[in-house]
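I sat down with this model today and went through it a few spots at a time. Here are my notes, in the order I took them.

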Amino acid sequence: MDSLKIGNLKIKYLALLSPLAALTDIVFRKLLDEIGYAGYMVTEIISAEGVRRQQDRTLQMLKTFDYITPQFVQLFGAEPAQFVEAVKYIENETNFAGIDINMGCPANKVIKKGGGAALLKDPAGAGEIIRQIKTHSRLPLTVKIRLGFNQVNVLEMVEVLEQEGADAIVVHFRLRSEGYRGCANWDYAPQIREKINTVFIGNGDIRTAAQAKEKMAHVDGVMIGRGAISNPLIFAEIAGEEPGYGAKAWDTAAISTRLLELIEEHYEKKLQLGRVKAFTRFLFWGKKYGKKARQRIYNASTFQEAKDFFASLLQKDFTNL
Ligand SMILES: Cc1cc2nc3c(=O)[nH]c(=O)nc-3n(C[C@H](O)[C@H](O)[C@H](O)COP(=O)(O)O)c2cc1C
């Protein structure tokens with residue numbers, strides 16, 4: 001397959017940006033939209049109840065922009081009615097292209113309320129959420145799940161979700177009980193592929209374009225999270241295209257400069273340093289100098305200090321810390 005059809009939406013590229021709490025915010029998604037070549041992108045996890053109640057903090061997370069790459073909102077919640085109201089709001093009031101439902105979040109505070117990975121323990125309840133959203137909305141609807149809660153039940157889950165009308169199913173190949181430890185177990189991909197006809201997207205531990213291409217053999221598309229923060233060019237590399245649609249050269253300097261610019265543009269002053277620190281966790285992931293660079297940014301006490309450090313790092317070409 002050289003493109004994906006998710007609901008009524010044609011997705012041109014097969015590698016997608018995974019939702020990452022506090023990371024796939026408007027800043028990172030805008031940066032990636034300029035660099036290009038992700039099939040679609042998903043926001044950080046957002047409370048359906050918060051959207052339904054139109055809470056200020058939640059609506060901040062729904063701020064959008066004129067994008068090239070389709071943008072999806074990821075919602076968490078437990079009750080079908082919460083989701084239906086939230087989806088109606090997003091459909092009527094924003095330009096988001098689709099909705100993703102979180103059924104994989106391992107955090108206790110989400111699970112306690114019956115959301116995230118808790119839904120993996122209740123396939124019928126999960127199916128009901130999808131059925132009701134589909135009844136009330138025409139937005140493309142995807143679901144992101146894990147292999148299971150404590151035990152694998154992914155085959156049962158994907159069957160129910162397909163039956164109830166999910167337009168795509170994303171599987172992060174870990175159990176809830178595994179958190180982010182160990183390796184994602186892609187061995188389940190062929191069985192899932194056999195079981196369902198709906199669009200099937202695999203996720204977990206993809207760090208390079210070569211790995212993405214290898215994984216594509218058993219899935220329709222791949223979703224990349226941490227690997228995209230550490231290398232925002234990964235989608236262009238997978239697509240075999242020049243990043244930035246030829247408008248500008250995107251090297252490490254250009255990426256970090258634009259990231260800092262967008263942080264200044266979208267966050268008030270007192271939040272800016274915290275935002276740089278959040279990205280720093282994965283920005284230097286796997287790089288030789290990563291630990292030291294991270295430490296320097298974590299120790300910075302002002303946004304300007306972090307900015308100056310990035311500038312010095314770039315002059316030294318990242319080698320001389
Ligand atoms: C810091 C962090 C935040 C995450 N936030 C979310 C989230 O908000 N929603 C979600 O569905 N998954 C979330 N995940 C899981 C990722 O989307 C993805 O499934 C997981 O990291 C495996 O993919 P990767 O190896 O490509 O990062 C998060 C993971 C990390 C490390």
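**Entry 1: burial.** Before anything else I wrote down the yardstick: a residue is buried if 20 or more other C-beta atoms lie within 10 Å of its own, exposed if 12 or fewer, and partly exposed in between. I also reminded myself that this is a predicted model.

**Entry 2: Q54.** I looked up Q54 in the loop between helix 2 (48–52) and helix 3 (56–61). I counted 13 other C-beta atoms within 10 Å of Q54, so this residue is partly exposed. Its backbone caught my eye too: phi of Q54 is near 55°, a positive value in a residue other than glycine. I noted for context that most residues other than glycine have a negative phi.

**Entry 3: Y37.** Next I asked myself: is Y37 buried or exposed? Y37 counts as buried because it has 23 C-beta neighbours inside 10 Å. I found Y37 in the loop between helix 1 and strand 4. Y37 is not a glycine, yet its phi is positive, at about 80°.

**Entry 4: V27.** I moved on to helix 1 (residues 26–35), where V27 sits. V27 has 22 other C-beta atoms within 10 Å, so I put it down as buried. Which residues does V27 touch, leaving out those up to four places away in sequence? I listed L259, L262, I263, H266 and R275. I also checked V27 against V152: they are 125 residues apart along the chain, and their C-alpha atoms are separated by 35 Å.

**Entry 5: the core.** I then turned to the largest nonpolar core, which has 94 residues; A15, A38 and I169 touch the most other members. Strand 8 (residues 168–175) gives this core its largest share, 6 residues. Where does the core lie with respect to domain 1 (4–246) and domain 2 (252–315)? It lies between them, because both domains give residues to it. I followed up on A15: beyond residues up to four places away in sequence, its contacts are A38, G39, A212, G221, V222, I224, F235 and I238.

**Entry 6: the ligand.** Last, I looked around the ligand and found 21 surrounding residues, the closest being S18, A21, I45, G225 and R226. Strand 4 (41–47) and helix 10 (226–230) are the elements that give two or more residues to this shell. Sorted by class, the shell holds 8 nonpolar, 9 polar and 4 charged residues.

Notes:
Residues numbered from 1 in each chain as written. Predicted model: local features only at pLDDT ≥ 70, side-chain atom pairs only at ≥ 80, totals over all residues. Near = placed C-beta within 6 Å. Helix = DSSP H or I, 4+ residues; strand = E, 2+ residues; numbered from the N terminus. Nonpolar A, V, L, I, M, F, W, Y, C, P; charged D, E, K, R; others polar. Contact = placed C-beta atoms within 7 Å. Core = buried A, V, L, I, M, F, W, Y, C linked by C-beta atoms within 7 Å. Domains from an automatic or database assignment.
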